[in-house]
Amino acid sequence: MSGSGVAPPAPTARDVWRARVRIRDLIRRTPLLSAPELAAPHGVWIKDETRQLTGAFKIRGAANALRSLSPEVRARGVVAVSTGNHGRAVGEVARQLGVPAAVFVSRRVPADKLAALRATGAEVVVGGESQDEAEDIAREHVRQHGSTLLPPFDHPDVIAGQGTLGAELLDDLPEVHTVLVPLSGGGLIAGVALALKAIDPQIRVIGVSMEAGAAMHASLRAGRVIEMPEADTLADSLQGGLGRDNRYTFRAVRELVDDAVLVSEDELAEAMRHAFTHHRMILEGGGAAGLAAVLAGRVPLEGPTVAIASGGNVAAGAFARILAGGTRPDDTGVEPTR
Ligand SMILES: *Cc1c(COP(=O)(O)O)cnc(C)c1O
């Protein structure tokens, strides 16, 4: 992960099951809630990852990546470039394991997100005008200090860690037929698909992204990694590209995932309202994508279906405006960051 040496091999389903044991004491086993109000003939369930300690599933991948480092490497510290759920996850796991952590963010990151990052105990380093510039600064830091950069999705240990969510689904709902996964860089869906397809390749795994600026969706259609301009969206945690030299997730998603669909901003907002009204669940825009696809009829409900509610980190004011009927990002004050 330090950027030197040979790239490690792609993760396997066995790596997912190894991760389960490795991270057991660092993550929460989250509930699978039935959604009878949807009156789907075979049932719909919501996997509630908002209940993780950092409010999103990303703590699974961060925990597995950190635990996989040798004690000597760990002692030199870990680094993340993120303004959101990945940064919080790395900060939290590093604190629990007593590993020094630094999270690099650009000057454009809003104060509430900085506060959430600092609350984990991580050192927060503000610099650069964009996420890319912050990453350049982080890479220089890693070169100087011999610390380890933990990527948000494109690493075997991160993918295997996220896959533990898929293994939990099989425990709780062995009859699962279709799983809807919020999709950005593809670490979550790659891990979940690895776990599920190892048990039964017929289980359908479908990625859901927002219409505005979905880089993985566009790349799948094009058959190669393409860059997309960032757009304003409620699903700020689904923004961002696949990285210039994507090694693992694009390929894994192409090979394992059955379909990728898009949802509109209105549909995301509707799903956030639905989760609150029927389940008293607070979802961030990105976390609502799977449920939005169900509500919008974007996928056939041919068997028992699970929508992964991937995260709930939304600012209180923004959430209140959506509950009151707002949709557009400028109704909500949501900042386009990841
Ligand atoms: C990061 C994130 C995603 C997307 O995960 P990828 O592994 O990048 O596809 C979905 N939902 C939430 C809440 C996230 O934080």
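These exercises explore the ligand site and the salt bridges of a predicted model.

**Exercise 1.** Find which residues come nearest to the ligand, and sort the shell around the ligand by residue type.

*Solution.* Start with the shell. There are 16 residues around the ligand. Lys58, Asn85, Gly185, Gly186 and Ser310 come nearest. Now sort the shell by type. Six residues are nonpolar, eight are polar and two are charged.

**Exercise 2.** Identify polar contacts of the ligand's oxygen atoms, then state how much of the ligand the protein covers.

*Solution.* Use a cut-off of 3.5 Å between N or O atoms. Take Asn85: a polar atom of its side chain is 2.8 Å from a ligand oxygen. Next is Gly187, where a backbone N or O atom lies 2.9 Å from an oxygen of the ligand. Leu188 also uses its backbone, with a polar atom 2.9 Å from a ligand oxygen. Now turn to coverage. On its own, the ligand has 380 Å² of accessible area, and the protein covers 99% of this. Last, place the ligand: it sits in the largest cavity.

**Exercise 3.** Count the salt bridges, and explain why the pair Asp172 and Arg29 ties together parts far along the sequence.

*Solution.* A salt bridge needs a side-chain nitrogen of Lys or Arg within 4 Å of a carboxyl oxygen of Asp or Glu. By this rule the count is 18. Asp172 and Arg29 form one of them, with their closest N and O atoms 2.8 Å apart. Now locate both partners. Asp172 belongs to helix α7 (residues 156-172), while Arg29 is in the loop between α1 (13-23) and β1 (32-34), so the pair links parts 143 residues apart in sequence.

Methods. Residues are numbered from 1 along each chain as its sequence is written. This is a predicted model: local features need pLDDT of at least 70, side-chain atom pairs count only at pLDDT 80 or more; totals for chains, interfaces and linings use all residues. Side-chain values use heavy atoms; hydrogens and water are left out. A residue is near a molecule or strand if one of its heavy atoms lies within 4 Å of it. A polar contact is a pair of N or O atoms within 3.5 Å; within protein, one must be able to donate a hydrogen and the other to accept it, and residues adjacent in sequence count only if both atoms are side-chain atoms. Accessible areas come from the Shrake-Rupley method with a 1.4 Å probe; for residues, only the protein chains shown count as cover. On a 1 Å grid over the protein atoms alone, a cavity is a set of points where a 1.4 Å probe fits but cannot get out, and a pocket is an open set with protein on both sides within 12 Å along at least five of seven lines; lining residues have an atom within 4 Å of a point. A molecule sits in a cavity or pocket if more than half of its atoms lie within 2 Å of its grid points. Ala, Val, Leu, Ile, Met, Phe, Trp, Tyr, Cys and Pro count as nonpolar, Asp, Glu, Lys and Arg as charged, and the others, Gly among them, as polar. Helices (H or I, at least four residues) and strands (E, at least two) are DSSP runs, numbered from the N terminus.
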